[in-house]
Amino acid sequence: MSLAIAQGILGKAPTTRHAHYTDFLDGNGQPIDQGILLFYKAPYSYTGEDVVELQGHGGVAVMQLMLQRCLALGAKLAEPGEFTRRAYLNDKLDLAQAEGVADLIDATTTQAARSAIRSLNGEFSSVVENLVSQLINLRMLVEAMLDFPEEDVDQIDLDKRNKQLATIRDSVRVTLETAKQGSLLREGAYVALVGQPNVGKSSLLNRLSGEQVALVSDIPGTTRDVIRKEIQIDGVPLHIMDTAGLRESSDSIEMMGIALTHETLQKADLILLLKDASRADSTEDLEILRQLPKSIPRLLVLNKIDLCLGLLPNPADTESIAVSAKSGQGIDKLRARLLELVGWSNQENGIFMARERHLIALTDAESKLAQAAAVINYPELFAEELRLAQASLNSITGEFTADDLLGEIFSRFCIGK
Amino acid sequence: MNFPKIFDVIVIGGGHAGTEAALASARAGCTTLLLSHNIETLGQMSCNPSIGGIGKGHLVKEVDALGGAMAAATDEGGIQFRILNSSKGPAVRATRAQADRLLYKQAIRSRLENQENLWLFQQAVDDLLVEKDRVTGVATQLGLRFNAKAVVLTTGTFLSGLIHVGQANYPAGRAGDAPAISLAHRLRELKLPVGRLKTGTPPRIDGRTINYAVMQEQHGDTPLPVFSFMGNAAQHPKQLPCWITETSSRTHDIIRSGLDRSPLFTGVIEGVGPRYCPSIEDKITRFADKDSHQIFLEPEGLTTHEVYPNGISTSLPFDVQLDLVHSIKGLEDAHILRPGYAIEYDYFNPIGLKSSLESKAIDALFFAGQINGTTGYEEAAAQGLLAGLNAALQVKEKDAWCPRRDQAYLGVLVDDLITSGVTEPYRMFTSRAEYRLQLREDNADLRLTELGRKLGVVDDLRWQAFEDKREAIALEEQRLRQTWVNPRMLPNEDAMRVLGKPIEHEYSLYELLRRPDVNYASLMTLPGAGAPVADLAVSEQIEIQSKYQGYIERQREEIERAQQYESLELPDEMNYLDVPGLSNEVQQKLNQFKPQTIAQAARISGITPAAISLLLVHLKRGFRSNTISQSEA
């Protein structure tokens with residue numbers, strides 16, 4: 001098909017991987033445009049199929065004519081992502097690489113783009129493949145012990161099992177950490193901003209994001225809805241959720257806002273508790289602290305230090321940072337601490353663009369390996385946990401069958417009496 | 001002439017597949033004819049004199065749970081019984097027996113002769129009668145025509161069999177038997193996917209010339225294991241030991257010097273041999289750094305001196321065989337009774353079969369055993385039983401039984417064969433079964449006997465015994481669940497002795513049994529635990545079930561997830577070239593394999609998860625347009 005289209009436009013058969021500088025011909029042999037035509041013969045193309053590439057001058061009318069000409073020659077319009085899908089189906093890219101393409105296109109920050117290209121280059125895949133091959137090696141030894149007890153195979157004793165398993169678990173842990181960084185770049189973190197009415201939540205949000213997004217007024221309880229704003233700090237997207245205050249209210253609209261706040265807090269990766277440093281502690285502050293989910297990390301932000309002449313209040317056992325949303329004082333320090341608390345380790349090198357799917361798979365593998373450690377004395381149960389751990393990892397890179405495993409065993413050991 | 005009697009099912013071949021097929025078909029109530037070229041060799045063990053082993057023992061127990069003969073015949077003919085992997089867990093634990101060839105053959109023969117509905121006839125089959133892609137019977141060497149509603153082919157290595165010893169070769173089915181040439185030609189004409197495989201045997205040795213004194217002795221287990229769920233140790237004949245010796249570096253030198261006359265290494269043999277059962281010349285070439293390989297000397301029977309040296313299968317010229325045997329410790333003066341040889345034979349790639357083992361191309365024609373590219377008596381028997389049963393079910397116009405992968409090794413075996421095909425002889429291993437923890441030898445009856453009863457292959461005697469056992473398990477389990485152990489009533493020394501630590505609150509006996517290091521026998525010694533059940537099979541079952549419950553439940557979830565794809569059928573007439581988005585390779589593979597379900601398609605190598613999602617989309621679309629066109633019509 002591609003060849004026919006190239007021939008129709010070029011007026012003759014194209015040479016593979018040759019840049020033809022040529023007229024682009026219409027159905028009557030008349031030029032539509034002038035430009036470069038490249039023909040890639042399968043499998044040496046992006047998709048692995050025959051591909052023809054046309055580089056013209058552009059312009060709406062010319063583009064339209066060229067498109068019509070190609071359609072008349074039998075082309076059809078590509079669906080979104082179709083080239084990459086074909087590349088994947090033709091085994092030019094594996095799944096993690098294909099996702100890397102999508103991430104590269106979607107990348108909004110340079111850091112994200114860099115890690116996406118790493119995934120596209122197969123770095124993430126090769127790290128996972130390395131994990132898988134370590135796991136296969138251990139499984140091979142365990143399965144050989146189970147299926148060939150009378151053969152001349154290395155009997156993998158408890159000590160060896162323990163050592164190999166520990167090494168694999170370490171590798172999985174490191175990979176998971178790295179992948180989490182990538183996921184942070186891709187998915188960002190959710191930060192909930194809470195505090196009493198009128199402590200300056202909206203102003204702080206404005207200051208952090210540098211834009212006007214929330215209504216700032218002096219009437220307590222203005223912010224009735226959760227307002228979301230995405231900001232980036234060092235390339236890490238932070239989804240800030242500005243919530244209604246947590247105070248008793250009889251206003252039904254405000255009560256709805258409060259319910260929404262609770263819901264938001266449950267999902268947050270970090271809670272910023274905002275206090276007015278110029279005012280003394282009130283029971284409402286204590287109430288807010290009491291209501292926060294214990295499991296989520298939190299940071300106390302003391303706002304309005306520009307209005308505060310004396311000593312800052314310093315509540316026990318909660319980390320705090322003093323800022324002024326109005327003047328910008330302390331904001332850089334807040335930003336840096338914020339990143340640390342959502343888990344950003346600022347090691348840009350070696351980060352892969354990991355998706356939620358990858359994290360789930362790695363986490364699942366990690367927990368199966370932990371289970372394996374618990375049953376290491378029971379070979380067939382140990383083998384079962386290893387099988388499941390590998391199945392989790394395979395969901396990232398592709399399938400591995402029992403027959404492949406047997407192949408490993410037969411190539412390593414002399415099996416057969 | 002046309003044979004006057006019309007049969008429901010004809011089974012061609014009297015090996016392990018054929019005999020189980022014929023017995024199953026007859027048990028299921030079909031008038032069955034077993035045709036063999038030689039009635040004297042029914043149930044013959046052509047290779048090593050042993051039955052069972054890891055993965056294989058599992059199959060034998062399944063065949064037994066479905067009323068088959070192999071386990072029972074082994075109990076009557078077995079001269080050494082062992083449980084392998086006994087310390088590694090119940091799922092990989094497996095029974096293996098050395099068998100006296102004659103006693104085993106007799107046990108099979110007597111079952112065949114006494115089976116109701118079953119007729120035996122000695123004639124080599126030359127031709128299949130096929131009308132409009134449906135088999136209607138067979139024709140024999142003498143021109144006799146037998147008509148039947150279904151035919152099961154179990155011809156083993158006999159199809160165009162070719163035996164090699166050094167550079168000499170001659171057509172044969174196995175040493176001493178003629179091959180089936182006409183039938184092989186006829187089957188090739190039917191355009192079934194045919195290929196060539198290779199297997200081999202070692203030279204056999206006269207036991208009187210072996211110096212056992214320098215070898216390691218290996219005895220069977222005590223107490224004596226039993227194979228059949230219906231068997232007992234009293235059935236076993238006198239027991240014999242096996243002996244272990246090994247090759248030396250001189251043996252390896254002798255072999256290397258003969259490689260230039262080896263049919264394997266000079267390219268004369270085209271068929272592919274099994275990686276897990278290599279010839280000795282293969283072993284020393286592929287694992288050149290090993291200076292010794294173990295050899296197991298297995299007695300062939302109580303009434304013969306013949307010994308099977310397991311581990312030196314070879315097709316080297318006889319003079320090399322003689323030297324290599326004499327270079328082995330204890331065999332310096334050994335006399336070879338029969339030369340070792342390799343045999344090449346035709347097989348039909350099982351991707352041409354449905355999961356009932358019926359041919360996709362020719363209706364009512366079933367294939368079982370080595371003809372499908374498997375090795376081993378056990379794999380053959382399991383397929384034979386399934387093919388015979390399904391042939392009978394078809395005659396009775398009932399649905400075929402296609403065991404699932406989570407149900408039986410039999411299901412794993414057939415599914416592997418039809419979705420992956422065969423490129424080397426296929427042998428069962430437990431690592432092939434992803435649901436290994438539930439496919440155990442010990443529960444083969446609980447998994448399959450009720451099903452077998454419904455399908456008509458389990459007789460009253462076995463059914464009664466099974467129901468008694470099942471009820472005893474249920475009763476004892478209930479008793480354990482309802483018997484409570486109170487911490488205040490439990491003396492500390494008893495708690496430490498049985499449980500390893502004191503209990504903090506009240507537990508039922510069943511809960512305590514679930515702990516990994518607690519066993520039934522010692523649990524029953526706790527004060528107030530009551531009387532243990534006498535039947536060890538019952539207590540063992542309760543113990544394993546209680547400990548594996550969590551794993552089995554987790555696997556059940558995995559199975560249920562997979563199950564949705566098992567039930568999504570792909571129509572036979574589906575042309576995969578019409579499925580947009582699939583790569584050419586995938587389209588061709590699917591057209592070649594013609595999987596019956598999405599799940600089968602997913603297990604074909606090279607079929608990616610992405611291709612499966614495209615198939616699902618295509619199925620959904622197709623289904624919608626079909627229903628629209630139906631409602632319009």
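**View 1. A four-stranded open sheet in chain B of the predicted model.** The strands of this sheet follow the order S11-S10-S19-S12 in chain B, and their pairing is antiparallel. Its edges are formed by strand S11 (168-171) and strand S12 (194-201) of chain B, each of which pairs on one side only. Averaged over the sheet and with direction ignored, neighbouring strands are turned by 25 degrees against each other.

**View 2. The pairing of strands S10 and S19 in chain B.** Strand S10 (residues 162-165) and strand S19 (residues 341-348) of chain B run antiparallel to each other and are joined over three bridges. Within this pair, B:Ile163 of the one strand stands opposite B:Ile343 in S19(B).

**View 3. The largest nonpolar core and the surroundings of B:Ile10.** This core holds 100 residues, and those touching the most other members are B:Ile10, B:Leu128, B:Val138, B:Leu153, B:Leu187 and B:Trp401. Helix H9 (residues 377-395) of chain B supplies its largest share, twelve residues. Beyond its neighbours within four places in sequence, B:Ile10 is in contact with residues including B:Leu33, B:Leu35, B:Val138, B:Phe146 and B:Val152. A second, separate core comprises 32 residues, among them A:Val132, A:Ala365, A:Phe382 and A:Ala389.

**View 4. Cysteines B:Cys30 and B:Cys277, neither placed for a disulfide.** The count of disulfides over all chains is zero, the cut-off being 2.5 Å between cysteine sulfur atoms. B:Cys30 is buried, with a relative accessible area of 1%, and because its closest cysteine sulfur, in B:Cys402, is 17 Å away, the separation is too far for a bond. B:Cys277 is partly exposed at 36% relative accessible area, and its sulfur is 6.4 Å from the closest cysteine sulfur, in B:Cys47, which is likewise too far for a bond.

Note on methods
Residues numbered from 1 in each chain as written. Chains lettered and ligands numbered in written order. Predicted model: local features only at pLDDT ≥ 70, side-chain atom pairs only at ≥ 80, totals over all residues. Heavy atoms only, no water. Buried < 20%, exposed > 50% of the residue type's maximum accessible area, 1.4 Å probe, protein only. Core = buried A, V, L, I, M, F, W, Y, C linked by side-chain atoms within 4.5 Å. Helix = DSSP H or I, 4+ residues; strand = E, 2+ residues; numbered from the N terminus. Contact = heavy atoms within 4.5 Å. Pairing = 2+ DSSP bridges. Axes fitted to C-alpha atoms, helices over the stretch in contact; angles between N-to-C directions.
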